[in-house]
Amino acid sequence: MILYLLLFISVFLDTLKNTYYNNFGKNQMEKSQDSLLFNMVCCVGSVVFLLIIGSPLKISGYSLIMSVIFAVVTVGAQYFSLLAMSMGSMSFSVLFTYLSMIIPTLFGIIYYKQPISTLQLIGLVLMILTFILSIDLKSGSGVTIKWLIVVFANFVAWGLVGVCQQLHQNSIYAHELKTF
């Protein structure tokens, strides 16, 4: 029962985050610097949270480098998420964000030779089809080439967030997850 409660809370908080991103992107973000300031406030919040929970400060060079790469990629992903939502539909922007999990999935299959079941393969194909069928460039659809470029950058950046996590968690430094 507790797992269902945690799942509900997770989905609820993610929905709140996306709603806030959409509101910020459409109503308050006037220039790129606004997004960077927004991300810096989020980073400070994360540091304060880590200090409160008492994250250990001992970290290997590998985890430190991966953490910096992860942080840069995450800031880029958040930037493109805000930009995509400011330029287009929240629902389609979020859809492309979630479909970005195709990237670490394919990375794991190719790089780590992770096995894939028939059901997972069907799910992957359906995700790719959803991605392709969602692109509608007809006039009046609200989809522009500029938005597609931004949402594609959003897709790639969030996918790379997952790849960074995989690289770290499949390394000999996986035990440093809290510090990472």
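This is a walk through a predicted model, from its overall build to a few of its residues.

Let us start with the whole chain. The protein has 180 residues, and 33% of them are buried. Its secondary structure consists of 7 helices and 0 strands, so that reading from the N terminus gives the order α-α-α-α-α-α-α. If you want a feel for the dimensions, the C-alpha trace extends over about 55 × 45 × 35 Å along its principal axes.

Now turn to the N-terminal end, where helix α1 covers residues 2–27. A nonpolar patch on the surface is formed here by Ile 2, Leu 3, Leu 5, Leu 6, Phe 8, Ile 9, Phe 12, Leu 13 and Leu 16. Taken together, these side chains and their residues offer about 920 Å² of accessible area. Phe 8 is a handy member to pick out: it sits in α1 and belongs to the patch. Is Phe 8 buried or exposed? Its relative accessibility is 55%, so Phe 8 counts as exposed, because the exposed class begins over 50%.

Helix α1 also has a part in the second largest pocket, which holds about 200 Å³ of space. Its lining is made up of Asp 14, Lys 17, Asn 18, Tyr 21, Gln 78, Thr 97, Tyr 98, Ser 100, Met 101, Trp 158, Val 161 and Gly 162. Which helices supply at least two residues each to this lining? They are α1, α4 (90–99) and α7 (145–169). The largest share comes from α1, with 4 residues. In chemical character, the lining splits into 5 nonpolar, 5 polar and 2 charged residues.

For a contrast with Phe 8, have a look at Phe 70. This phenylalanine is placed in helix α3, residues 61–87. Its relative accessible area is 18%, and Phe 70 is therefore buried, since the buried class takes in values under 20%. Phe 70 and Asn 27 are 43 residues apart along the chain, and 28 Å lies between their C-alpha atoms.

Next comes the loop between α5 (102–111) and α6 (118–134), where you will find Lys 113. The backbone is worth a glance at this point. Most residues other than glycine have a negative phi. Lys 113 is not a glycine, yet its phi is positive, at about 55 degrees. The side of solvent exposure is clear too: with 65% relative accessibility, Lys 113 counts as exposed.

Ile 116 lies in the loop between α5 and α6 as well. How does its accessibility compare with the cut-offs? At 33%, Ile 116 counts as partly exposed, because that class lies between the limits of 20% and 50%. Looking back to the N-terminal patch, of which Leu 6 is one of the members, the C-alpha atoms of Ile 116 and Leu 6 are 27 Å apart, with a sequence separation of 110 residues.

We finish beyond the last helix, with Asn 170 in the segment after α7. Asn 170 has a relative accessibility of 42% and so counts as partly exposed. Which distance separates Asn 170 from Tyr 112 in space? From C-alpha to C-alpha it is 8.8 Å, although the two residues are 58 apart in sequence.

Note on methods: Residues are numbered from 1 along each chain as its sequence is written. This is a predicted model: local features need pLDDT of at least 70, side-chain atom pairs count only at pLDDT 80 or more; totals for chains, interfaces and linings use all residues. Side-chain values use heavy atoms; hydrogens and water are left out. Patches are made of residues with over 30% relative accessible area and no salt bridge: like charges are joined within 9 Å, nonpolar side chains (Val, Leu, Ile, Met, Phe, Trp, Tyr) within 5 Å. Accessible areas come from the Shrake-Rupley method with a 1.4 Å probe; for residues, only the protein chains shown count as cover. A salt bridge is a side-chain nitrogen of Lys or Arg within 4 Å of a carboxyl oxygen of Asp or Glu. Buried means under 20% relative accessible area, exposed over 50%, partly exposed in between (1.4 Å probe, protein chains only). On a 1 Å grid over the protein atoms alone, a cavity is a set of points where a 1.4 Å probe fits but cannot get out, and a pocket is an open set with protein on both sides within 12 Å along at least five of seven lines; lining residues have an atom within 4 Å of a point. Grid points are joined across faces, edges and corners, and a volume is the space filled by probe spheres set on the points. Ala, Val, Leu, Ile, Met, Phe, Trp, Tyr, Cys and Pro count as nonpolar, Asp, Glu, Lys and Arg as charged, and the others, Gly among them, as polar.
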